[in-house]
Amino acid sequence: MRILHLQVGLLVCLAAVGRVEAADIAGVVHVKPKLSEADYQKQMKGVKRDDIYKTQGVERVDYKSAAGNVVVYVEEAAGTFSPPEKNPAITQKNASFDPVVLPVLVGTTVDFPNKDVIFHNVFSYSKTKPFDLGLYKSGASKSVTFTKTGEVTVYCSIHRTMKADILVLQNPWFTVTDDKGNFKITGVPAGTYTLRAWHERFPEADVKVEVAEGAGEVHAELTLGVIDLPQVE
Ligand SMILES: [Cu+2]
């Protein structure tokens, strides 16, 4: 009975400490290409119609959905952190990687299961972690441990549209935005941080965030965009 009381007491104590020191960082990432339709048309003046037709069937970037799959992360935080007990996975399914963007804590092992009926090959030429898992069949899975922070772009040597990005980060305070750019990072200890936004097509953006003790929730907004980047329907 006494042990039980002690345990309950400890739990209450931990909960109280957590409430005082940690807060959530929540907000939105905006994606703002800067060139208007009118300015784009002005730039296109004098371009031959035949030349335009050559590229007509080429798939364009959908900037409306670009606010999704943005990694939002605390750049640096004090402390040492343990990788998760359950490995995150990037699955090969329908000749695509799922998810296409995966932030992980340094030291994490990522599983790459093949859930297609066809063979795939998973490899990366990145400086952060070059690897080549070779061809492997349906139902098989291989793993890679990421021991250095940085960016790792992953491809399949057979299917050229297969691409995934892994961001290896210093601390566990990161998340991926939903398709509207919303994000929430939970349980960030009190402190002053640089919050960064990473997207495969844009330069990174950052903002300073102050997490005060007992803040509850801190709001943050980030904007990704490129000067003169055309957005054409
Ligand atoms: Cu493939």
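**Alanine 66 and the nonpolar core**

Alanine 66 lies in the loop that runs between helix 3 (49–54) and strand 2 (71–74). The model is predicted. Despite the loop setting, alanine 66 counts as buried, because 23 other C-beta atoms lie within 10 Å and the cut-off is 20 or more. Its contacts, leaving aside residues up to four places away in sequence, are Val31, Val61, His199 and Arg201. One of these partners, valine 31, is 35 residues away in sequence. In space, the C-alpha atoms of alanine 66 and valine 31 are 6.8 Å apart.

The protein chain as a whole holds three helices and 16 strands. It has 233 residues, of which 23% count as buried. Contacts between residues at least 6 apart in sequence were also examined across the protein chain. Of these, 66% join residues at least 24 apart.

The largest nonpolar core comprises 40 residues. Within this core, Val29, Val72 and Ile166 touch the most other members. Strand 11 (residues 163–169) supplies the largest share of the core, with five residues. The core draws on two domains. At least three residues come from each of domain 1 (18–78 + 173–233) and domain 2 (80–170). In soluble globular proteins, nonpolar side chains tend to be buried together.

Isoleucine 166 was examined further. Its contacts, again leaving aside residues up to four places away in sequence, are Leu102, Val104, Val110, Phe146, Val152 and Val154.

Conventions: Residues numbered from 1 in each chain as written. Predicted model: local features only at pLDDT ≥ 70, side-chain atom pairs only at ≥ 80, totals over all residues. Helix = DSSP H or I, 4+ residues; strand = E, 2+ residues; numbered from the N terminus. Buried ≥ 20, exposed ≤ 12 C-beta atoms within 10 Å, placed from the backbone. Contact = placed C-beta atoms within 7 Å. Core = buried A, V, L, I, M, F, W, Y, C linked by C-beta atoms within 7 Å. Domains from an automatic or database assignment.
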